[in-house]
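Trainee: Please take one part of this structure and go through it closely with me. I would like a connected account, in short steps.

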Amino acid sequence: MAIPSGPVTPSTDAERAMFDFVDAYDRAYEIAAAQHDMTVAQACVLGRISKPRGMRDLADELRCDASNITQIVARLEARELIERHANPEDRRARQLIRTPAGDALNAAFERSFEFARNASATLTADEQNELALLLRKALGQPMVDG
């Protein structure tokens, strides 16, 4: 079950719209993951292993405890979606690598998670560009020339 992303009473219509969008995105992500017999966390981790990754690096990126990643990885590994291999640069460290089955499942998940594509498809090209600019501005990210 997704946790509501917003406060009980948003202070502005823009804040309410952002919370509504994030909640809808989270619900759609959860539904897409469940369609492939994955949790949200498993889908998230599987999607981030497009190239060999260290578990610490992954935990840092996801801002979670390494023990959480270890549990998620163990479940993905049990389904033969990822494997742990020795890091060629440091044989003491392990790297996560997606298996062909993991690649196929991740591709299927990405095809089924259509929320952002469908939401942006309701906007004109100019509206999509404006939305991208506004979201980057709200996040304090640099503006990108389109």
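Mentor: Start with a term: two strands pair if DSSP finds at least two bridges between them. Keep that rule in hand, for our part is the sheet. One caution before we look: this is a predicted model.

Now the setting. The protein chain has seven helices and three strands. Along the sequence, the pattern reads α-α-β-α-α-β-β-α-α-α. Find each β in that pattern. The C-alpha trace spans about 50 × 35 × 30 Å along its principal axes. Of the 146 residues, 25% count as buried.

Turn to the sheet itself. The three strands make an open sheet, and their order is 1-3-2. The pairing is antiparallel. Which strands stand at the edges? They are strand 1 (53–54) and strand 2 (82–87). Each has a single partner strand, so one side of each is left without a neighbour in the sheet.

Take the pairing of strand 1 with strand 3 (residues 90–98). Two bridges join these strands, and they run antiparallel. Recall the rule: pairing needs at least two bridges. R53 has L96 in strand 3 as its bridge partner. G54 stands opposite Q95, also in strand 3. Trace those residue pairs on the model. As the residue number goes up from R53 to G54, the partner number goes down from L96 to Q95.

Now cross to strand 2. How many bridges pair strand 2 with strand 3? There are six, and the sense is again antiparallel. One of the partnerships links E83 with I97 in strand 3. A hairpin connects strand 2 to strand 3, and the hairpin passes through two residues.

Stop at one residue of this strand. H85 lies in strand 2. Is H85 buried, exposed or partly exposed? Its relative accessible area is 32%, so H85 is partly exposed. The reasoning needs the cut-offs: buried is under 20%, exposed is over 50%, and partly exposed is in between. What does H85 touch, leaving aside its neighbours within four places in sequence? H85 is in contact with A93, R94, Q95 and I97. You have met Q95 already, opposite G54 of the other edge strand, and I97 as the bridge partner of E83. Now compare I49. H85 and I49 are 36 residues apart along the chain, and 13 Å separates their C-alpha atoms.

Step back to the chain as a whole. Count the contacts between residues at least 6 apart in sequence: 43% of them join residues at least 24 apart. The chain exposes about 9900 Å², and carbon and sulfur atoms supply 54% of that area. Charge comes next: there are 18 positive and 23 negative charges, and their mean positions are 6 Å apart.

Let us gather the sheet together. The order is 1-3-2, and strands 1 and 2 stand at the edges. Two bridges hold the pairing of strand 1 with strand 3, and six hold that of strand 2 with strand 3.

Conventions: Residues numbered from 1 in each chain as written. Predicted model: local features only at pLDDT ≥ 70, side-chain atom pairs only at ≥ 80, totals over all residues. Heavy atoms only, no water. Helix = DSSP H or I, 4+ residues; strand = E, 2+ residues; numbered from the N terminus. Buried < 20%, exposed > 50% of the residue type's maximum accessible area, 1.4 Å probe, protein only. Contact = heavy atoms within 4.5 Å. Areas by Shrake-Rupley, 256 points an atom, 1.4 Å probe, with all protein chains shown as cover. Lys, Arg positive; Asp, Glu negative; His and termini not counted. Charge placed at Lys NZ, Arg CZ, Asp CG, Glu CD.
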